[in-house]
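User: I should like to go through the assignments made for this structure and hear the reasoning behind each.

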Amino acid sequence: METNNASVVFVVRILLVTQWFDPEPTFKGIAFARELVAQGFEVEVLTGFPNYPGGVLYPGYKMRPLRREIVDGVVVTRVALYPNHGQSGIKRALNYMTFAASSLVYGLCIARRPDLIYAYLPPITVGVSAAVMARIRRVPFVCDVQDLWPDTLAATGMVKSGYALRLVGLACEFVYRSVTHLVVLSPGFKRTLIERGVKPNKVTTIYNWADENSLSYPKGVLHEGFPRDSSIFTVLFAGNVGKAQALDAPLRAMLRLQQRGARAQLVILGKGVDLDRLKVLVATLGISNVIFLPPVPMNEVGSYLAAADALLVHLCRNPLFEITIPSKTQAYMAMGKPLLMAVSGDAAALVRDAQCGLVAAADDPDDIADKIQALQEMPAEARNVMGLRGKQYYQSHLALKIGVSQFGSLFKSIAPK
């Protein structure tokens with residue numbers, strides 16, 4: 001904190017600890033840090049060398065113990081880690097633990113003492129590292145919980161060992177006991193953490209926002225494989241193609257529509273650990289109305305969202321996902337396109353509250369097919385009204401400035417005066 005003679009001015013210095021940061025795809029990246037700086041905070045980001053989601057270092061980066069950059073007035077410090085994001089549990093664990101170790105050494109031995117430490121979870125190892133830093137350096141500690149571990153690891157099949165899941169659970173308990181405050185992305189997360197013993201006054205719900213700069217002004221040229229026929233109803237899924245997304249059901253829904261003779265297509269834009277298996281499934285079942293496109297830079301994603309007729313969100317059926325809101329939901333709403341929300345619980349409630357799309361049952365090809373057909377058969381004006389409602393709801397409830405303002409108020413209330 002700093003003062004001057006004329007008046008007392010408190011500048012809250014934040015150490016923002018996150019394993020993933022721009023240029024990696026992340027929803028609490030440079031836009032978050034930049035907006036905090038605009039609100040008067042001093043921010044240093046402590047992160048790793050970019051390798052997510054491919055597990056390979058991005059061009060222009062070479063692994064070394066430390067690299068410091070200044071990005072839009074934000075100090076970004078990168079520390080060494082083992083780059084990996086494959087299906088090997090051991091290699092993934094090494095990826096998490098090496099960043100935790102490197103960040104802890106930097107946070108304790110090199111970093112200037114902050115007024116507050118903010119940690120973005122997952123992985124929980126980031127929280128453990130930040131908790132130790134906060135305890136030794138005697139500063140408040142805020143955790144932003146984006147996934148409930150070990151629940152997510154078990155639900156997606158990423159970790160099947162009961163021993164490993166118990167170990168992760170113990171790490172979570174340690175972090176939750178250590179925090180000054182927890183921020184969660186949905187009301188369901190808050191209820192769950194309270195049920196697990198976290199005091200209600202230590203948990204705040206702040207909804208995620210979208211990468212507004214890349215979505216508000218779509219750029220780039222559509223891939224040649226994107227359907228151009230306006231008479232074909234195009235549904236787009238954009239993002240990670242992993243086990244949690246469980247895209248088997250939407251693919252089988254498209255098979256149902258193909259058998260009905262419906263002029264509809266599903267475009268899957270992205271990559272992930274489940275992509276190759278899904279391509280084999282499409283070929284095996286003879287599904288001809290599904291198109292796989294490679295991922296594109298974030299500043300081009302908006303072009304694809306804008307070109308689609310409806311946007312799909314899908315997660316496998318699991319009680320855990322009934323209390324989460326996939327981050328793509330906010331991006332879809334910000335684009336002003338109707339949503340097909342195939343996730344129950346809080347995410348479905350958000351779409352119903354905003355009246356910006358239809359809700360289908362997760363893992364239910366028949367219901368997903370029926371809802372796609374219902375959207376297709378709607379007058380275009382009705383779909384446009386749905387999309388407009390979603391955009392208006394986003395701007396008034398979920399936008400970046402609104403969310404960061406809530407974080408700013410929380411940080412100021414916690415930081416020592």
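User: What is the volume of the largest cavity, and what makes it a cavity?
Analyst: In this predicted model, the largest cavity has a volume of about 50 Å³. The term applies because a 1.4 Å probe fits at its points but cannot get out.

User: Which residues line the largest cavity, and how do they divide by class?
Analyst: Leu315, Cys316, Arg317, Asn318, Phe321, Glu322, Val343, Ser344 and Ala362 form the lining. By class these residues comprise five nonpolar, two polar and two charged.

User: How many cavities of 30 Å³ or more does a search of the whole structure find?
Analyst: The search finds two. The second largest cavity, at about 40 Å³, also meets that limit. Its lining consists of Leu121, Pro122, Pro123, Ile124, Val145, Asp147, Trp149, Cys172 and Tyr176. In that lining eight residues are nonpolar, none is polar and one is charged.

User: What makes the lining of the second largest pocket five nonpolar, two polar and five charged?
Analyst: The lining residues are Trp149, Pro150, Gly169, Cys172, Glu173, Tyr176, Arg177, Arg196, Gly197, Val198, Lys199 and Lys202. Glu173, Arg177, Arg196, Lys199 and Lys202 belong to the charged class because Asp, Glu, Lys and Arg are so counted. Gly169 and Gly197 are polar because Gly is placed in that class. The remaining residues, Trp149, Pro150, Cys172, Tyr176 and Val198, are of nonpolar types. The pocket holds about 230 Å³ of space.

User: Why is the contact between Lys401 and Glu35 called a salt bridge?
Analyst: The closest N and O atoms of Lys401 and Glu35 are 3.4 Å apart. The limit is a Lys or Arg side-chain nitrogen within 4 Å of a carboxyl oxygen of Asp or Glu, so the pair qualifies. Lys401 belongs to helix α15 (residues 400–414) and Glu35 to helix α1 (residues 30–38), so the bridge ties together parts that are 366 residues apart in sequence.

User: Are Lys401 and Glu35 buried or exposed?
Analyst: Lys401 has 57% relative accessibility and counts as exposed, the class that begins over 50%. Glu35 has a relative accessible area of 12% and is buried, because that class covers values under 20%.

User: Which residues of α1 are buried, and what covers them?
Analyst: The buried residues of α1 are Ile30, Phe32, Ala33, Glu35 and Leu36. Their cover includes β1 (13–17), β2 (42–48), β3 (66–71), β4 (74–79), β5 (116–121) and α15. After α1 comes Gly40, with a positive phi near 105 degrees.

User: How do you know that Arg191 and Asp346 meet in a salt bridge?
Analyst: Their N to O distance is 4.0 Å, and the rule asks for a separation within 4 Å. Arg191 lies in helix α6 (residues 187–195) and Asp346 in helix α12 (residues 346–354), so this pair ties together parts 155 residues apart in sequence. Arg191, at 45% relative accessibility, counts as partly exposed. Asp346, at 13%, counts as buried.

User: Which parts of the chain does the salt bridge of Asp229 and Arg263 link?
Analyst: The closest N and O atoms of Asp229 and Arg263 are 3.2 Å apart. Asp229 is in the loop between α7 (212–216) and β9 (233–238), and Arg263 in the loop between α8 (248–260) and β10 (264–269), 34 residues apart. Asp229 counts as partly exposed at 37% relative accessibility, and Arg263 is partly exposed at 43%. In addition, salt bridges with shared partners join Arg67, Glu69 and Arg78 into one network. The count by this rule comes to 15 salt bridges.

User: Which residues have the most contacts inside the largest nonpolar core?
Analyst: Tyr118 and Phe141 have the most contacts inside this core of 110 residues. Leaving aside residues up to four places away in sequence, Phe141 touches Ile117, Ala119, Gly127, Ala130, Ala131, Ala134, Val175, Ser178, Val179, Thr180 and His181. A second, separate core has 32 residues, including Ala249, Met254, Ala342 and Ala369.

User: What makes Asp276 buried or exposed?
Analyst: Asp276, in helix α9 (residues 275–285), has 59% relative accessibility and counts as exposed, since that class lies over 50%.

Definitions and conventions. Residues are numbered from 1 along each chain as its sequence is written. This is a predicted model: local features need pLDDT of at least 70, side-chain atom pairs count only at pLDDT 80 or more; totals for chains, interfaces and linings use all residues. Side-chain values use heavy atoms; hydrogens and water are left out. Helices (H or I, at least four residues) and strands (E, at least two) are DSSP runs, numbered from the N terminus. Buried means under 20% relative accessible area, exposed over 50%, partly exposed in between (1.4 Å probe, protein chains only). Contact means heavy atoms within 4.5 Å. On a 1 Å grid over the protein atoms alone, a cavity is a set of points where a 1.4 Å probe fits but cannot get out, and a pocket is an open set with protein on both sides within 12 Å along at least five of seven lines; lining residues have an atom within 4 Å of a point. Grid points are joined across faces, edges and corners, and a volume is the space filled by probe spheres set on the points. A nonpolar core is a set of buried Ala, Val, Leu, Ile, Met, Phe, Trp, Tyr and Cys residues joined through side-chain atoms within 4.5 Å.
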